Amino acid sequence: MSVFSDFDFNIIARSLPYLFREGMTFTLTLTAIATIGGVLLGTLIAMARLSSLPVLPALAASYVNVMRALPLVLVIFLFYFLMPYIGQWILQADRPIQVGALSSTIITFTLFEAAYFSEIMRAGIQSIPRGQVAAGYAIGLTYSQMMRYVVLPQAFRNMLPVIFTQMIVLFQDTSLVYVLSITDFLGAASKVGQRDGRLTEMYLFAAAVYFIISLTASMLVKRLQARIAIAR
Amino acid sequence: MDYHWNWAILWAPSPDGNGTYFDMLMDGLKWTIATSVCAWLVALVFGSLVGVARTLPFKWLARLGDAYVELFRNIPLLVQLFLWFFVIPEMLPHDWGTFVKQLRYGPFLTAVVGIGFYMSSRVAMQVSAGINTLPRGQRMAGTAIGLTTAQTYRYILLPMAYRIMLPPLTSEFLNTIKNSSVALTIGLMELTGSARAMQEFSFQVFEAFTAATVIYLLLNAVVTIGMRMLERRVSVPGFNAGK
């Protein structure tokens, strides 16, 4: 194996603190915040889409369809450049304001993933029998009470495995912030690899770490799915 | 927003010397289409083989198929592209590695292989799911009338399974188109890459990305409509298992 004869495992060991303390922290923070934000916003979008008000369903549907037709890389670029102008407009500032890399990517991923989460939550809401909604209204609940206490808790619970599966996809997708030269886990590995001319070691190590985390997570989701299936 | 809009920039000559900025985006679109179609062929071929293997009555083969799917599904596409582009050539014997690195269409070929294998794991899942949703009686009926396993798949299971799979396969093809944008990181000047370059040269950020957005939406619509027509063309009267 001539390939591995000059394989430098030391470089990985030496850069571990940087890779995980800087890189993985960013990756996991972005994944967690974008998941929570995406589920919340996605639930609102799903409710808008299923509401009987005029215009709102069409608006929500166009948002979801446009977002889902665009590549994430394009959306990352677009929002990265757009956000300073939106910030200027909101704050009524004289010039486009500066938006940091972390907040920019958090907003981008939340808005982008909300489109995908809204489809999941829509399926979840529709999986609740109509009779429950009617029963809720019959005992005098308002729309928001009925959603809050009857529909959403069950929808969320039924969709939990799908939400976690989407979260794993999101975790892998965060690596695309590479295009903005941000130091996420892959970005950190890439920087070390380029500095020391050790791209082979760093990319293989990054692939292994992503693989182990995603595989473990998806196996846990499978177990969760089995448990929820029995409970129902 | 006091952004200075200038849509005429699309018709201004681009610094790459090959016409206007609009031509540049159109070149990008061509690379996006070429990459997506070729990667999709790779994904269909390998995805079908692995997907079928996972439904065959050999435990070890199904296990191997599962391992294949997990391997390509649990590593981010961007990392997989970097492995194909930077790492694999280093692992080949020296002369081969040099040959691969000097390939004229290196980024394109890498993107086709990388995205193709990445998508093949998703196609494989759809193929096995499609075959598994068929009534078990169909496989038994095939055996009962004396067909071999290969014949059962060729004449009974696969023709119906692929029809059932058409809608999910359509969305996987749309994913392939979207995923082709990741190849800009290895230097492929596809649509998103072209929009990025246009933004860097012209400083007209929003014209560049809005134009690319519109082109992606159109491409998406064309593929969706085309696949719906195909679905109607190949549907078997009276058998609406796909619905």
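**S175(A) and its surroundings**

Trainee: Is S175(A) buried or exposed, and why?

Mentor: S175(A) counts as buried because it has 25 C-beta neighbours inside 10 Å, and the cut-off for buried is 20 or more. Keep in mind that this is a predicted model.

Trainee: Where is S175(A) found in chain A?

Mentor: In the loop between helix 7 (143-173) and helix 8 (185-196) of chain A.

Trainee: Which residues is S175(A) in contact with, leaving aside its neighbours within four places in sequence?

Mentor: On chain A, D184(A) and L186(A); on chain B, P76(B), L78(B) and V79(B).

Trainee: What separates the C-alpha atoms of S175(A) and L41(A)?

Mentor: A distance of 22 Å, with their positions 134 residues apart along the chain.

Trainee: Back to chain B. How many residues does each chain put into the contact?

Mentor: Chain A puts in 30 residues and chain B 28 residues. On the chain B side, helix 3 (77-91), helix 8 (191-202) and helix 9 (205-234) each supply at least two residues.

Trainee: Which helix of chain B gives the most to that side?

Mentor: Helix 3 of chain B, with 8 residues. By class, the side of chain B that touches chain A has 18 nonpolar, 6 polar and 4 charged residues.

Trainee: New topic: what is the secondary structure of chain A?

Mentor: Chain A has 9 helices and 0 strands. Its C-alpha trace spans about 75 × 55 × 25 Å along the principal axes.

Trainee: And how much of chain A is buried?

Mentor: Of its 232 residues, 37% are buried. Among contacts in chain A between residues at least 6 apart in sequence, 73% link residues at least 24 apart.

Definitions and conventions
Residues are numbered from 1 along each chain as its sequence is written. Chains are lettered from A and ligands numbered from 1 in the order in which they are written. This is a predicted model: local features need pLDDT of at least 70, side-chain atom pairs count only at pLDDT 80 or more; totals for chains, interfaces and linings use all residues. Two residues are in contact if their C-beta atoms, placed from the backbone, lie within 7 Å. Helices (H or I, at least four residues) and strands (E, at least two) are DSSP runs, numbered from the N terminus. Ala, Val, Leu, Ile, Met, Phe, Trp, Tyr, Cys and Pro count as nonpolar, Asp, Glu, Lys and Arg as charged, and the others, Gly among them, as polar. A residue is buried if 20 or more other C-beta atoms lie within 10 Å of its own, exposed if 12 or fewer, and partly exposed in between; C-beta atoms are placed from the backbone.
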